Amino acid sequence: MHNYYVEERHNMLQDDLIGDKRLVGTKQVLRALTDGRLTAVYIAEDADAALKKRIADACIDAGVTVIKAPSMSELGIACGISVGAACAAVLYNGDNMSKIN
């Protein structure tokens, strides 16, 4: 399988994924990618392979950084929700003029 991750973060920055600065869930993330509203997308390593590819391909097309999250459970916790998440994204804001590297 193609390695589309630019980075792996075992210690995810919860500041990136809490509150109004993030989106959680495939539908919301894919919609925001087409609108150009994201700086980075976290994809859980244990998410469905076809889903990971679909999200990663959309990120590549949009020029958005893809970051590997260790698991759906850990990604959900980092987002402050009580269930797992296949993906989550950091919303673009005026203070962050560049992509996360």
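## Two helices side by side

Helices H2 and H3 run roughly parallel to each other, because an angle under 35 degrees counts as roughly parallel and their axes cross at roughly 20 degrees. This is a predicted model, so keep that in mind throughout. The axes of H2 (residues 26–35) and H3 come within 10 Å, and the crossing is left-handed. On the H2 side, Thr-26, Leu-30 and Leu-33 make the contact. H3 answers with Leu-51, Arg-54, Ile-55, Ala-58, Cys-59 and Ala-62.

## Strand S5, tucked away

Now for the strands. How many of the 5 residues of strand S5 are buried? The count is 5 of the 5, so S5 (residues 87–91) is largely enclosed by the rest of the structure. Cys-87, Ala-89 and Leu-91 point one way from the strand, while Ala-88 and Val-90 point the other way. Both sets are buried.

S5 has pairing partners too. Strand S2 (residues 22–24) pairs with S5 in the antiparallel sense over 3 bridges, and Val-24 stands opposite Ala-88 there. S3 also pairs with S5 in the antiparallel sense, over 5 bridges. In that pairing, Ala-40 has Val-90 of S5 as its bridge partner.

## Three salt bridges

Side chains of opposite charge can pair when their charged atoms come close. In this model the count comes to 3 salt bridges. Which parts of the chain does the pair Lys-68 and Glu-45 tie together? The two side chains meet at 3.8 Å, N to O. Lys-68 lies in strand S4 (residues 65–69), and Glu-45 lies in the loop between strand S3 (38–44) and helix H3 (49–62), so this salt bridge ties together parts that are 23 residues apart in sequence. The two ends sit in unlike surroundings: Lys-68 counts as buried at 15% relative accessibility, because the cut-off for buried is under 20%, whereas Glu-45 is partly exposed at 38%.

Another salt bridge stays inside one helix. Asp-57 and Lys-53 both lie in H3, 4 residues apart, which is about one turn of the helix. Their closest N and O atoms are 2.6 Å apart. Asp-57 is partly exposed, with a relative accessible area of 31%, and Lys-53 is also partly exposed, at 47%.

That leaves Asp-35 and Arg-37, whose side chains meet in a salt bridge at 3.7 Å, N to O. Asp-35 is partly exposed at 48% relative accessibility. Since values over 50% would count as exposed, Asp-35 falls on the partly exposed side of that line. Arg-37 is partly exposed as well, with a relative accessible area of 36%.

## A buried lysine in H3

Back in helix H3, have a look at Lys-52. Is this lysine buried or exposed? Lys-52 is buried, with a relative accessible area of 9%. What separates Lys-52 from Ala-86 in sequence and in space? They are 34 residues apart in sequence, and their C-alpha atoms are 8.0 Å apart in space.

Technical notes
Residues numbered from 1 in each chain as written. Predicted model: local features only at pLDDT ≥ 70, side-chain atom pairs only at ≥ 80, totals over all residues. Heavy atoms only, no water. Salt bridge = Lys/Arg side-chain N within 4 Å of Asp/Glu carboxyl O. Buried < 20%, exposed > 50% of the residue type's maximum accessible area, 1.4 Å probe, protein only. Pairing = 2+ DSSP bridges. Axes fitted to C-alpha atoms, helices over the stretch in contact; angles between N-to-C directions. Parallel < 35°, antiparallel > 145°, perpendicular 65-115°, else oblique. Left-handed = near helix turned anticlockwise from the far one by under 90°. Contact = heavy atoms within 4.5 Å.
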